[in-house]
Amino acid sequence: MAAAMTIPSLGMAETLRVADSFPVGHYIAENMTKIWMDKVTELTGGEVEFEYYPAEQLGKSKDLLSLTQSNTVDIGYVGVSYVADKLPLSAVGELPEAFNSSCQGTGAYWSIARPGGILDEAELAPQGVRMLLVMILSPYQIFTAENEITDIDSFKGMKLRATGGTKEIAVQLMGATPVNIPAPETREALTRGTIDGVLFPHSSALPYELEPALAYGTQGMNFGSFVASYVISEDRWNRLSPEVQKAMTDAAEEVIGSACKAAEELDLKDKQTMADAGVAFVSLPEEDMAEIGKRMSTIGEKWAEDLDGRGLPGSEVLQAFRDALAE
């Protein structure tokens with residue numbers, strides 16, 4: 001079937017540069033980025049090829065959006081927490097809302113972030129970019145380097161790595177202080193004692209080799225998530241042929257769904273790997289879990305009200321995301 005859809009090669013291949021900050025072998029790159037690139041090359045009959053630059057080779061994670069906007073790179077990774085000043089509305093997918101798996105969150109988010117969706121029209125298009133790929137990670141847990149986790153008060157006074165406004169609010173609601181540190185710098189911060197712990201999903205902790213530096217972790221909680229996306233500038237997109245644009249879009253629809261399923265499988269596997277490495281997973285008392293859930297449920301409204309007050313459609317975007325989750 002794929003062969004029938006393949007675009008005949010028109011001669012010399014066009015090579016696009018894809019840049020991200022993930023370490024070599026990271027599950028997002030392996031299960032989404034690389035598969036998408038291979039699929040696009042297949043669908044275009046080799047008309048489009050890619051040069052892939054992982055591990056911040058072409059720029060720091062916080063700079064990849066601007067590098068993409070300026071066409072310094074053709075397709076850039078955007079972790080929206082790293083560019084909250086430019087993409088505040090896009091953080092809606094990081095709220096601790098009514099989803100407990102990667103695919104639930106990803107499907108709902110993609111429906112509002114794809115070209116023509118409310119998030120695209122309200123924020124991405126005005127920034128001159130369009131989203132090509134996205135994954136919402138499995139819900140974050142709190143991990144600590146030394147401090148034992150026993151109850152809801154265990155987190156008071158801690159310094160916890162948290163990226164972006166939504167997870168910073170979650171940390172503050174737990175009585176802790178949020179510290180914004182890019183993922184590649186997290187292990188060093190843990191080992192030096194710069195931070196006491198992190199908010200991370202299991203599958204993101206392992207590629208950054210955090211497990212040797214961690215002792216305790218929560219389980220069964222939702223402290224928010226993370227939006228991992230790849231974007232292309234509208235200028236660069238418009239210089240691609242309609243056939244290549246279609247190939248990229250078709251490949252994305254297929255790969256986004258398969259990638260989040262792979263992420264869910266890895267989440268369970270990687271949790272066990274962390275446990276085998278010595279991380280003690282703690283189930284908090286039921287009354288504490290209920291109280292934490294109550295606190296987390298207030299974040300969406302606070303987030304939306306803040307954006308509304310800045311003249312941005314926070315409440316509208318939040319409701320659209322909630323509606324998509326309900327579907």
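**Close-up views of a predicted model**

Phe22, Tyr77 and Tyr230 come together as one aromatic cluster. The legends below describe this cluster, a second aromatic contact and the chain as a whole, in a model that is predicted.

**View 1. The whole chain, with its 13 helices and 11 strands.** The radius of gyration of the chain is 20 Å, close to the 20 Å that the globule rule gives for 327 residues, and the chain is therefore as compact as a globular protein of that length. Measured out along its principal axes in the model, the C-alpha trace spans about 65 × 45 × 35 Å. Of the 327 residues, 54% count as buried, and the accessible surface comes to about 13200 Å², with 49% of this area belonging to carbon and sulfur atoms.

**View 2. Sequence-distant contacts and charges in the chain.** When contacts between residues at least 6 apart in sequence are considered, 77% of them join residues that are at least 24 apart. The chain carries 25 positive and 49 negative charges, and the mean positions of these two sets lie 3 Å apart.

**View 3. The pair of Phe22 and Tyr77, one of nine aromatic pairs found in a search of the whole structure.** The ring centres of Phe22 and Tyr77 are 4.5 Å apart and the ring planes stand at 50°, an angle between the 30 and 60 degree limits, so the pair is classed as tilted. Phe22 belongs to the loop between strand 1 (14-19) and helix 2 (27-43), whereas Tyr77 belongs to strand 3 (residues 75-79), and the pair therefore ties together parts that are 55 residues apart in sequence. Phe22 has a relative accessible area of 4% and is buried; Tyr77, at 2% relative accessibility, likewise counts as buried.

**View 4. The edge-to-face pair of Phe99 and Phe321.** In this aromatic pair the distance from centre to centre is 6.3 Å, and the angle between the planes of Phe99 and Phe321 is 80°, which is over the 60 degrees required for the edge-to-face class. Phe99 is placed in the loop between strand 3 and helix 4 (102-113), while Phe321 is placed in helix 13 (residues 314-326), so that the pair ties together parts that are 222 residues apart in sequence. Phe99 and Phe321 are both buried.

Key: Residues numbered from 1 in each chain as written. Predicted model: local features only at pLDDT ≥ 70, side-chain atom pairs only at ≥ 80, totals over all residues. Heavy atoms only, no water. Helix = DSSP H or I, 4+ residues; strand = E, 2+ residues; numbered from the N terminus. Rg over C-alpha atoms; globule rule 2.2 N^0.38 Å. Buried < 20%, exposed > 50% of the residue type's maximum accessible area, 1.4 Å probe, protein only. Contact = heavy atoms within 4.5 Å. Areas by Shrake-Rupley, 256 points an atom, 1.4 Å probe, with all protein chains shown as cover. Lys, Arg positive; Asp, Glu negative; His and termini not counted. Charge placed at Lys NZ, Arg CZ, Asp CG, Glu CD. Phe/Tyr/Trp six-rings, centres within 6.5 Å; stacked < 30°, edge-to-face > 60°.
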